[in-house]
Amino acid sequence: MKRLFSNIKGDAFGGITAGIVALPLALAFGVSSGLGPSAGLYGAIFISFFAALFGGTATQISGPTAPMTAVSMVVIAGIIATNDGDVTKALPYILSVFLLAGLVQVGLGVLGFGKYIKYIPYPVVSGFMTAIGVIILVTQILPSIGYYPKEDTAYVNQFNAEAEEVILQNYLNEDASKRTLVIDDFKQTIVKAEAITTASIDKEAKTIAKAKSSGVLGTLKVLPRALQNINWLELALALSTIFIVYGFKKITTKIPSALVALVVVSGVAYGFGLGYKPIEEIPSGLPIPNFEIITGFSFSSISPYIFTALTLAMLGAIDSLLTSVVADNMTKTNHNPNKELIGQGIGNSIASIFGGIPGAGATIRTVVNINAGGRTKLSGMIAGVMLLFILLALGPIASKIPAAVLAGILITVGIGVMDYKGLKAIAAMPKDIKIGPIKISSEVLIMFIVLILASVWDLIFAVGIGLVIASLFFMKKIGDLTAQHSDVKPLKEEAWDDEGDFPSDLKEEFFIKHIKGPLFFGSTSDFQQLAKQIPPTAKKVVIRLGRMPYIDQSGLYAMEDVLLDLKRRNIDVLFVDLAKQPRYMMERIDIVPDLIPNQHIFKDFNTCLNWVKSNVKNVV
């Protein structure tokens, strides 16, 4: 408790600032999810507060994020579709899935699975994050130009016949379940069919129209029609929002540009009485728990979505723990991954009970919190309270925000969430596999498979398929390398035999690190601890790589991060016995010679030792 209140001023500034930054994103993610802005705001309030209170990362700010929202969209759309397009009817089932995802996260933390998240390969994460960007970017085109398919009468009428079939099929299924669909009572079904009204057909047709135009493929199919029905006012509002989001950053980054865009564009649109389409009304007053998800819970109703709940839980875990690593690097602290999962799970569980969409640790909001002075859990709790205050005090005002403004904000989020680092590296990756006449990098192939499948098919299965393919490629590479180096045995971290002649008066100045085995996505976390092992007196680091036969893309970027950190600390690095494949990979992204010049790469330790004796003063 004493620790919690040790930095009240800094935590207050950090929490308030992070809460303000979270506001436009929470509203936008809520609208994008399909449950409305209040769902995004409720999620931000409860996840931020409870994930901070029970979590294992002191400075983390949590709430709805782009990846979690993208997966939630799939869950919400699927359950609404199976409930005749009735959001009210579908809501308990949707929130039950979110609750289950939160409970799974708690279970993962209790069972100690936090330490295993690091085994997700970089190409899978890269393809997934870029797909998230593509999904958000494409699906926000329609609202940004003011086109809503279910409001286009001519488009909706195309589905009248299909709507009648759906309604009739629902009647047949209902009568069959009640065992009244028999020859003697078939007249009852006919009477129901004859009573189908134009209004019911229109309602069902709108549901079908919305479903047909959802997602990336649905948006692209309806886009030609949408471009013929552009609402120029809505487009102007969206473009103005995007311009301010990017333009204001060039003036200052101290004030969140998304918030500036939200306030300015909404203020102009409302102040001048422009006939824009507002977001859904945000309920006033305190959030009310939806106990129907507990009292009316039916395992059979959500059983088709269990795998989706597991995916939501895993995605939230990965998203949160990656942000925790960023927070650790900024504050020079260490998070508790299992405790963080428990905190995130509790936050998501409570948020679901109050109707909020699920979330995770949010990198941008966490960085803002730290830069503003946040250092303890109190900052995340204050961020949640800040959002609750905005809900209670400004809810009616927030309901006047134009929908196109939030679409513009989401477009910038979609652009920003893509993994440009991974995309830029495509040309540099070695083409190590052959598919027919085409040679391609296995890691690039994995990234594109995940990217394409996640964008146009299913986020959940795309990640699973990507993991399986990555594992198969990795096993093949390691199997091939093991066959070539079958005499390599596990070694303890200790001085090697040829290091006995190293000058004793330089042992404090030089730090020798041994890498034994491949540097791949499963070992990068341990390697990144290198900087913490270096004693304060060290001015040069010798990294012995003779027993590192292979490095993958994840290991490559981990190596780059460590070398950049050492360079910032003015510590020179010497490589000894760099193998062919790792050297080729490092040359492709200019680690060699930009970070490690060729004169600092030695074929063996004796050559390195001779260089030390010749180039370092005070050698005995």
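Lys277 and Glu151 meet through their side chains in a salt bridge, with 3.1 Å from N to O. The model is a predicted one. Lys277 sits in the loop between helix H13 (257-271) and helix H14 (292-295), and Glu151 in the loop between helix H6 (141-144) and helix H7 (153-157), so the contact ties together parts 126 residues apart in sequence. Lys277 has 30% relative accessibility and counts as partly exposed. Glu151 is also partly exposed, at 48%.

Next comes a pair on two helices. Glu162 forms a salt bridge with Lys212. Their closest N and O atoms are 4.0 Å apart. Glu162 belongs to helix H8 (residues 160-177) and Lys212 to helix H10 (residues 198-212). The two residues are 50 apart, and the pair links distant parts of the chain. How accessible is Glu162? Its relative accessible area is 31%, so Glu162 falls in the partly exposed class, between the 20% limit for buried and the 50% limit for exposed. Lys212, at 42% relative accessibility, counts as partly exposed.

The last site involves Arg569 and Asp565. Their side chains meet in a salt bridge at 3.6 Å, N to O. Which residues make up the network here? Asp565, Arg568 and Arg569 are linked by salt bridges into one network. Arg569 is partly exposed, with 38% relative accessibility.

How many salt bridges does a search of the whole structure find? The count is nine. Among them are the Lys277 to Glu151 contact, the Glu162 to Lys212 contact and the Arg569 to Asp565 contact.

Notes. Residues numbered from 1 in each chain as written. Predicted model: local features only at pLDDT ≥ 70, side-chain atom pairs only at ≥ 80, totals over all residues. Heavy atoms only, no water. Helix = DSSP H or I, 4+ residues; strand = E, 2+ residues; numbered from the N terminus. Buried < 20%, exposed > 50% of the residue type's maximum accessible area, 1.4 Å probe, protein only.
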